Amino acid sequence: MSSSPAASEVSPIADAAPQSLCARSPRVPADRLVAEMVPPPRFDSVRFATYIPDPDQPSQTEAVRVLEGFAAGLGGAHAAGGGRRGLFGFGKAKAPKTPAGPRGVYLDGGYGVGKTHLLASLWHATPAEPGLKAFGTFVELTNLVGALGFQQTVQTLSGHRLLCIDEFELDDPGDTVLVSTLLGRLVDAGVALAATSNTLPGKLGEGRFAAADFLREIQGLSAHFRALRIDGEDYRHRGLPEAPAPFSEEQVTKAAYATPGASLDGFPQLLDHLAKVHPSRYGALTDGVTAVCLTDVGPVPDQSTALRLVVLADRLYDREVPVLASGMPFDRLFSEEMLNGGYRKKYFRAISRLTALARDAKGLVAAG
């Protein structure tokens, strides 16, 4: 069986044919989904000490000071009065007593001021074993609820000291209400919260939406958050980067065969396959893959497919997996209607990340 339509037309030039993502249907245990809620590999080594505040922006130094104190305050016994609960909530301690005062911090700032760096540093600095703290994007959190169910997610996370949510998204009112309700239950269980946020759809050009918008959207949770304003130049927000020109199908296929651990798939077939895999498993879908090679890249046909591609792009970017492609440049994946709609921020992010991964993949062609 061929790994992809393109693979059958090329004589093997490596010991084995490339893998196919379309041939994978990972089954991910619930405990792995939770265990993988840690800062992505590109943030493995960040710490408060590696965050270099701009001397002209005192709010950056102040944010580090406050977050270091917040992390230190999360040591000792769990706020609910017991140790970690089991995955399904068995053996839980007596009813928790909600701590007084804010149990959360919200990092408010534009692009390029290091919010994710600081959020990951908070996770690393919190004096608790990794199993007692969780880090994920808003999308990963909603996917976790989708995979486990609401009640099991509450039970699973209630024994944690800290939950960090990066890129809290407000473009889907249903998801916002779902996560706000979840966070309310976790706060009642004594879990500390930390979050950064994404832009509201109508404020894409500003690059941020400010603390007032975040606190209003999460409704009753606002009293639990202390907003930390982080000023600085939004140096990454300079419009979409120009995507590199695609390679030929022959170049992509040859590189896939020459690169150990690479995958090779037709882009239309991969989009179809993503519909059969729960988004919470997209990380597992790429396990062991050193490069993703795609042929016949073209426009994404509809919004449901586009949103699945966004999640895959995030997982590939988190894992720093280069993407080599033939067909259409990545900055032409989404229609004008999509880029002007309510989910446009997600699509801009996907284009930016796929473009960066495409640049990382250029060397594969030279190597092939």
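Which element gives the largest share of the lining of the largest cavity? Here are some notes on that and a few other spots, with the reminder that this is a predicted model.

1. **The largest cavity.** The answer is β8, which supplies three residues, the largest share of the lining. The space inside this cavity comes to about 100 Å³, and the count of cavities of 30 Å³ or more is three. Among the residues that line the largest cavity are Val-323, Leu-324 and Ala-325, along with Pro-244, Ala-245, Pro-246 and Phe-247. Further lining residues include Met-328, Pro-329, Phe-330, Ala-358 and Lys-362.

2. **Ser-326.** While you are looking at β8, which spans residues 323–327, find Ser-326 in that strand. Ser-326 counts as buried because its relative accessibility is 3%. A polar atom of the Ser-326 side chain sits 3.1 Å from the backbone nitrogen of Asp-296. Leaving out residues up to four places away in sequence, Ser-326 touches Leu-294, Thr-295, Asp-296 and Val-297, and also Pro-246, Phe-247, Ser-248, Glu-249 and Val-252. Two of these names, Pro-246 and Phe-247, will be familiar from the cavity lining.

3. **Asp-265.** Strand β6 (residues 262–266) holds Asp-265. This one deserves a look: Asp-265 is buried but has no salt bridge, and Arg-24, the nearest side chain of opposite charge, is 8.1 Å away. What does the side chain of Asp-265 join in a polar contact? The partner is the side chain of Ser-20, at 2.6 Å.

4. **Leu-144.** Moving to helix α4 (residues 138–148), we come to Leu-144. With 3% relative accessibility, Leu-144 is counted as buried. Apart from neighbours within four places in sequence, Leu-144 is in contact with Leu-33, Val-34 and Met-37, as well as Gly-149, Thr-153 and Leu-157. The C-alpha atom of Leu-144 is also 9.8 Å from that of Arg-281, a residue 137 positions away along the chain.

5. **Glu-320 and Arg-42.** The whole structure has 11 salt bridges. One of them pairs Glu-320 with Arg-42, with 3.9 Å between the closest N and O atoms. This pair links distant parts of the chain, 278 residues apart: Glu-320 is in the loop between α11 and β8, and Arg-42 is in the loop between α1 and α2. Are these two residues buried or partly exposed? Glu-320 counts as partly exposed because its relative accessibility is 43%, and Arg-42, at 29%, also counts as partly exposed.

6. **Glu-167 and Arg-349.** Another salt bridge joins Glu-167 to Arg-349, and here the closest N and O atoms are 3.8 Å apart. Glu-167 is in strand β3 (residues 162–168) and Arg-349 is in helix α13 (residues 344–360), so the pair ties together parts 182 residues apart in sequence. Both residues, Glu-167 and Arg-349, are buried. They also belong to a network of salt bridges that links Glu-167, Asp-314, Arg-349 and Arg-353.

7. **Asp-318 and Arg-315.** For a pair within one helix, turn to α11, where Asp-318 and Arg-315 lie three residues apart, about one turn of the helix. Their side chains meet in a salt bridge with an N to O distance of 3.1 Å. Asp-318 and Arg-315 are both buried. If you have the viewer open, you could set this pair beside Asp-265, which is buried yet has no salt bridge.

Terms used
Residues are numbered from 1 along each chain as its sequence is written. This is a predicted model: local features need pLDDT of at least 70, side-chain atom pairs count only at pLDDT 80 or more; totals for chains, interfaces and linings use all residues. Side-chain values use heavy atoms; hydrogens and water are left out. Helices (H or I, at least four residues) and strands (E, at least two) are DSSP runs, numbered from the N terminus. Buried means under 20% relative accessible area, exposed over 50%, partly exposed in between (1.4 Å probe, protein chains only). Lys and Arg count as positive and Asp and Glu as negative; His and the chain ends are not counted. A salt bridge is a side-chain nitrogen of Lys or Arg within 4 Å of a carboxyl oxygen of Asp or Glu. A polar contact is a pair of N or O atoms within 3.5 Å; within protein, one must be able to donate a hydrogen and the other to accept it, and residues adjacent in sequence count only if both atoms are side-chain atoms. Contact means heavy atoms within 4.5 Å. On a 1 Å grid over the protein atoms alone, a cavity is a set of points where a 1.4 Å probe fits but cannot get out, and a pocket is an open set with protein on both sides within 12 Å along at least five of seven lines; lining residues have an atom within 4 Å of a point. Grid points are joined across faces, edges and corners, and a volume is the space filled by probe spheres set on the points.
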